[in-house]
Amino acid sequence: MKMFKKSKIKIVSAIMTILVLLWAGTLGIIYLSSYIEMSKQNKQMLQMHAQMYELPKAFAEMAPPNKPRPDNNPGFDSESPMFRLSTFYTVAVSYDGVILEIKNDSPSVHTNDELENLAYSIINSDKDSGAQKNLAFYKTDKGGYTLVAFMDNTVINKSAMTLFRYTLIFGGAALVLFFFLSLYLAGKIVNPLEESYKKQKQFISDAGHELKTPVSVISANAELLFRKIGHNQWLQNIQYENNRMGILINQLLELAKTENVTPLMESIDFSRLVAGESLPFEGVAFEKGLLLSANITDNIYVQGNSTQLKQIVSILLDNAIRHSKKQGKISLSLTKEQSFARLCVINEGDEIPLEQREQIFERFYRADTARNSESNHYGLGLAIAKAIVASHNGQIEVSCFNGLVEFKVRLPMI
């Protein structure tokens with residue numbers, strides 16, 4: 001059934017959404033914290049390297065004779081294996097832009113021209129540290145010249161990208177596995193409910209058929225007894241309650257039939273059907289002091305069952321008449337809405353609380369218990385209408401605004 005299929009989809013969607021969020025959040029936290037920690041270590045090592053750097057005497061005369069400015073304590077051990085195994089490059093530039101020294105022990109990886117251009121761009125920027133082209137950099141004023149220190153992160157970056165790629169691959173595979181696992185779990189959760197629901201509907205159908213016979217017998221015997229003894233208060237009570245039972249049984253059987261039996265579909269002139277079905281209700285509304293007006297667009301065709309479509313119109317109009325305020329107005333409209341036929345029934349009535357707007361389409365739900373019980377309505381009409389609309393691949397909903405209550409049905413046109 002569509003209802004349980006939707007439930008399975010919702011369960012699977014909820015499970016997968018939680019897993020994806022947890023997976024993405026965990027990866028994000030791990031890689032963000034790793035990036036922050038790596039950037040911090042890179043900066044500390046570059047600070048240490050810059051602090052240890054001394055301009056060769058051959059170039060010292062080219063720098064202004066200013067007092068060197070000591071770097072901040074980098075807080076990193078220069079004897080650590082990480083520091084000793086790292087590859088550093090340095091570019092010393094005088095204040096007037098003259099290159100004093102380029103220290104590049106591996107010119108095959110990064111040429112002196114590349115380091116020189118990078119150093120000029122970093123000096124002209126506002127950043128003192130960062131990363132460019134797999135090189136972490138740190139800029140500092142050595143008190144007579146500017147030093148730009150670089151550290152090669154090519155291996156680290158490639159390792160990080162390899163780790164990230166494999167994490168995505170195995171994480172994606174795990175998500176696929178969890179998807180099928182969630183399908184299995186959703187089936188385990190929903191299947192018993194679906195089976196119970198089917199048994200419940202079958203019980204209602206069977207009980208309705210079994211109760212029709214005694215109700216008919218009681219009705220026939222009460223009629224014969226009335227003819228024999230005439231008016232009797234106790235006999236009238238029996239007939240009244242038996243009639244109520246008969247109405248309830250017929251509605252239960254109608255609901256079971258709507259939900260269990262696939263209706264015969266054909267091309268229907270929905271405009272003509274709605275116009276014809278609404279005519280008898282004009283007199284009913286008039287007797288109750290209500291005004292029923294109709295606005296029906298011609299030539300709206302749908303694929304459906306004429307008997308069931310008539311039921312939708314009659315259920316909605318009957319509901320509007322019963323719940324309208326005195327001297328109120330009821331409007332019925334059928335219009336085209338893109339590729340859908342839009343049937344609306346609006347009446348002046350009390351606003352339906354928001355939490356009840358979905359419940360009123362459930363079987364046996366009655367917002368006004370006292371009034372419905374007196375008029376032999378048992379909360380099945382809108383449930384039947386919902387089942388019919390669902391069997392026609394449509395939608396039904398209720399809304400309230402400005403003292404009006406609107407029931408809207410959308411059915412696909414042909």
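This is a short tour of the structure above, one selection at a time.

**The whole chain**

Start with everything in view, and keep in mind that this is a predicted model. The chain holds 10 helices and 12 strands. Of its 414 residues, 37% are buried. Now think about which parts of the chain meet: among contacts with a separation of 6 or more, 70% are between residues 24 or more positions apart.

**The five-stranded sheet**

Next, select the strands β7, β9, β10, β12 and β11, which form an open sheet in that order, with mixed pairing. Which strands lie at the edges? They are β7 (291-296) and β11 (395-401), each of which pairs on one side only. From one strand to its neighbour, the turn is 15° on average, ignoring direction. As background, the strands of a sheet pair through backbone hydrogen bonds, and the pairing can be parallel or antiparallel.

Stay at the β7 edge and add β9 (residues 329-337). These two strands run parallel and are joined by six bridges. To see one such pairing, pick Ile296 and look across to Leu334 in β9, its bridge partner.

Now bring in the helices that pack here. Helix α7 (residues 270-287) lies across β7, β9, β10 (340-348) and β12 (404-412), and runs at about 170° to β7. Helix α10 (residues 381-391) also packs on the sheet, where it touches β11 and β12, and its direction makes about 130° with that of β11.

**Ser278, in helix α7**

Zoom in on Ser278, a residue of helix α7. Is Ser278 buried or exposed? Its relative accessibility is 4%, so Ser278 counts as buried. Show what surrounds it: beyond its neighbours within four places in sequence, Ser278 is in contact with Leu292, Leu317 and Leu332. Within the helix, a polar atom of the Ser278 side chain lies 3.0 Å from the backbone oxygen of Ala275. For a distance to try in your viewer, pick the C-alpha atoms of Ser278 and Ala294: they are 16 residues apart along the chain and separated by 8.1 Å.

**Ser333, in strand β9**

Move to another serine, Ser333, which sits in strand β9. Ser333 has a relative accessible area of 18%; because the cut-off for buried is under 20%, Ser333 falls on the buried side. Setting aside neighbours within four places in sequence, the contacts of Ser333 are Asn295, Arg342, Leu343 and Cys344.

**Salt bridges**

Arg342 leads to the next stop. Its side chain meets that of Glu406 in a salt bridge, 3.6 Å from N to O. This pair links distant parts of the chain, with Arg342 in strand β10 and Glu406 in strand β12, 64 residues apart. Glu406 is buried, at a relative accessible area of 9%. Select Glu337 and Arg410 as well: together with Arg342 and Glu406, they are linked in a network of salt bridges.

How many salt bridges does a search of the whole structure find? It finds nine. Another of them joins Lys139 and Asp128, with 3.9 Å from N to O. Lys139 is in strand β4 (residues 135-141), while Asp128 is in the loop between α4 (112-123) and β3 (129-132), 11 residues away. The partners are placed as follows: Lys139 counts as buried at 14% relative accessibility, whereas Asp128 is partly exposed at 45%.

Then look at Arg357 and Glu351, whose side chains form a salt bridge of 3.1 Å, N to O. Here Arg357 is buried, with a relative accessible area of 15%, and Glu351 is exposed at 58%.

**Helix α8**

For the last stop, select residues 306-322, which make up helix α8. Its 17 residues, at 1.5 Å each, should span 24 Å, and its end C-alpha atoms are indeed 24 Å apart. At the N-terminal end, Asn305 acts as a cap: one of its side-chain oxygens lies 3.2 Å from the backbone nitrogen of Thr307.

Why can α8 be called largely enclosed by the rest of the structure? The reason is that 12 of its 17 residues are buried. Among them are Gln308, Leu309, Ile312, Ser314, Asn319 and Ile321. Leu317 is also one of the buried residues of α8, and you have met Leu317 already as a contact of Ser278.

Definitions and conventions:
Residues numbered from 1 in each chain as written. Predicted model: local features only at pLDDT ≥ 70, side-chain atom pairs only at ≥ 80, totals over all residues. Heavy atoms only, no water. Helix = DSSP H or I, 4+ residues; strand = E, 2+ residues; numbered from the N terminus. Expected span 1.5 Å × (residues − 1). Buried < 20%, exposed > 50% of the residue type's maximum accessible area, 1.4 Å probe, protein only. Polar contact = N/O pair within 3.5 Å; in protein donor to acceptor, adjacent residues only side chain to side chain. Pairing = 2+ DSSP bridges. Axes fitted to C-alpha atoms, helices over the stretch in contact; angles between N-to-C directions. Contact = heavy atoms within 4.5 Å. Salt bridge = Lys/Arg side-chain N within 4 Å of Asp/Glu carboxyl O.
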